[in-house]
Amino acid sequence: MIQIYHALKVDKDICYGCTHCMNVCPTDAVRISDGKALILKKRCIDCGECLKACPVDAIYVEQDDLDNIFEYQCRIALVPAVFTGQFPTYVSEEEIFSMMKELGFTHVFQAEFMVDVINELMDEQMKINNEKPLISTFCPSVMRLIQVRFPALIDHIASVKPPVDASAAFYRKMLQNQGVPDCQIGIFYVTPCAAKIAAIKGWSEDQGAVINGVINMRYLYNKLYAKIKNNKDRDRELPILPHLSSKAIQWSLTRGEADNMKGRCLAVDEIHNVIEFLERLENDEIPTVDYLELRACDQGCAGGVLLHGNRFMTVDRMKRRAYQLESVAGDVDWKEYAEIIEDRNLFVSKIDPLPTISLDQDFQEALKKMERIRNLMCYLPGIDCGACGSPGCQALAEDIVQKKANLSNCVFLQRMMEKNKKLSSEHAIRIIERTWGRDRLDKDCKKIGAKNEGM
Ligand code: SF4
Ligand code: SF4
């Protein structure tokens, strides 16, 4: 059985079942049960929309503790370009990275280092690719979306790994070549999103896992920024760092990839736009496109849920930085770098479909259940009000067929059943309590928006 890791969790002590998360989830992965949000693992793609929507921060990202780095002698921070893009322009990369070393990292490396290698490999793959468009592997949330909702498009996914995985493999190999034993190398990725945590934790060693942990970008930003503000020694001389190419700096932003690939390349960002586009692609409504760059977040990784800064300001700073470095691009023979790491660390292994609802192992039974869902939809009112604790009528019908809910969960059908004496009022109340919690309808003037809120 495939084990899937998820980084998004619900703190049940804080959650008060307001349904904001359920209403925004693009894959119908949230239910309300006993007055609390419940994330269905099979459906979740770790896009973080629920985390953004929660008014009380009840949804959080499970992350590694910073102290975990001290389990290794060689402690590497793998930092994406969006991290430095959040700091005000008066804070240099050199200052940020030297402060990170004061936190305990022995090396600070850039996650987009292998972008130019990836770019070349993708170009080569495009030439021999029969399935058009080729879809980028960059965004793990989009990869999971294709697995769970668009399995027919899996063959379009490129086989070249995203830059962070390739860069991590490169640095590990480089340190091994310098004589550092593998067990002493700890690589920690500073993540802008929950999806990267899920992807990294989901890799197994035989799939070429090379990253040992993940650090929440917002947590690290807050820690470093406080340190930088209190730094009395700001004018001291700092080490000169090897810079990324201008292309690599912008790679994670919207059009960062598409502008550098050959042929007709489209870029689509924000998860709902991506879903709409993939639906059209699946229905053959998209004219020939060679390459598709898809990002779950608006503005690409600058819109990641774990970023502290405003995404538009972050993009602006990154573009300025890239513009200043334009002349640096193209000076390096990237093939030389590609040769340092093994082939398996540059290519993803086979991607399997992970359908959200597998109605039955038996195909005939699955068809019958599908028919039952359609029948149930004839009775459900089609209002998608969410009062049953499922995000809509279709989702409730699926839950019923999978024996996770009953028709009487629908508040409208409950009233009809009560009227026809098929359900007692006491039973109806018990159903409501099972979904929304026992004290849901008690008077509470301290709840959000009520007259004594916050008192
Ligand atoms: S959005 Fe509402 S239902 Fe969802 S986790 Fe937050 S408090 Fe709970
Ligand atoms: S666009 Fe970037 S930050 Fe957003 S989910 Fe994808 S990889 Fe993560």
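This passage describes a helix, the nonpolar cores, two ligand shells and a small sheet in a predicted model.

Residues are numbered from 1 along each chain as its sequence is written, and chains are lettered from A and ligands numbered from 1 in the order in which they are written. In this predicted model, local features need pLDDT of at least 70, side-chain atom pairs count only at pLDDT 80 or more, and totals for chains, interfaces and linings use all residues, while side-chain values use heavy atoms, with hydrogens and water left out.

A good place to start is helix H7 (helices are DSSP runs of H or I with at least four residues, strands are E runs of at least two, numbered from the N terminus). H7 covers residues 163–177, and its end C-alpha atoms lie 21 Å apart, in agreement with the 21 Å expected for 15 residues at 1.5 Å a residue; the expected span is 1.5 Å times one less than the number of residues. Eleven of the 15 residues are buried, so H7 is largely enclosed by the rest of the structure. Here buried means under 20% relative accessible area, with a 1.4 Å probe and protein chains only. Among the buried residues of H7 are Phe170, Tyr171, Arg172 and Leu175. Gly179, which follows H7, has a positive phi near 100°.

Turning to the interior, the largest nonpolar core (buried Ala, Val, Leu, Ile, Met, Phe, Trp, Tyr and Cys residues joined through side-chain atoms within 4.5 Å) has 123 residues, and Leu78, Phe83, Met100, Ile146 and Leu278 have the most contacts inside it. H7 supplies the largest share of this core, seven residues. A second, separate core has 14 residues, including Leu359, Ala366, Cys393 and Leu413.

The ligand shells come next, taking residues with a heavy atom within 4 Å of the molecule. Around ligand 1 there are 13 residues, of which Cys15, Cys18, Thr19, Cys21 and Cys54 come nearest. That shell divides into ten nonpolar, three polar and no charged residues. The shell of ligand 2 includes Cys139, Cys193, Lys196, Arg295, Cys297 and Cys301, and divides into seven nonpolar, three polar and two charged residues. In these counts, Ala, Val, Leu, Ile, Met, Phe, Trp, Tyr, Cys and Pro are nonpolar, Asp, Glu, Lys and Arg charged, and the others, Gly among them, polar.

Finally, an open sheet of three strands runs in the order E7-E11-E10 with parallel pairing, where pairing requires at least two DSSP bridges between strands. E7 (134–135) and E10 (265–269) stand at the edges with a single partner strand each, so one side of each is left without a neighbour in the sheet. E10 and E11 (residues 291–295) pair over five bridges, and Cys265 stands opposite Tyr291 in E11.

Conventions:
Buried means under 20% relative accessible area, exposed over 50%, partly exposed in between (1.4 Å probe, protein chains only).
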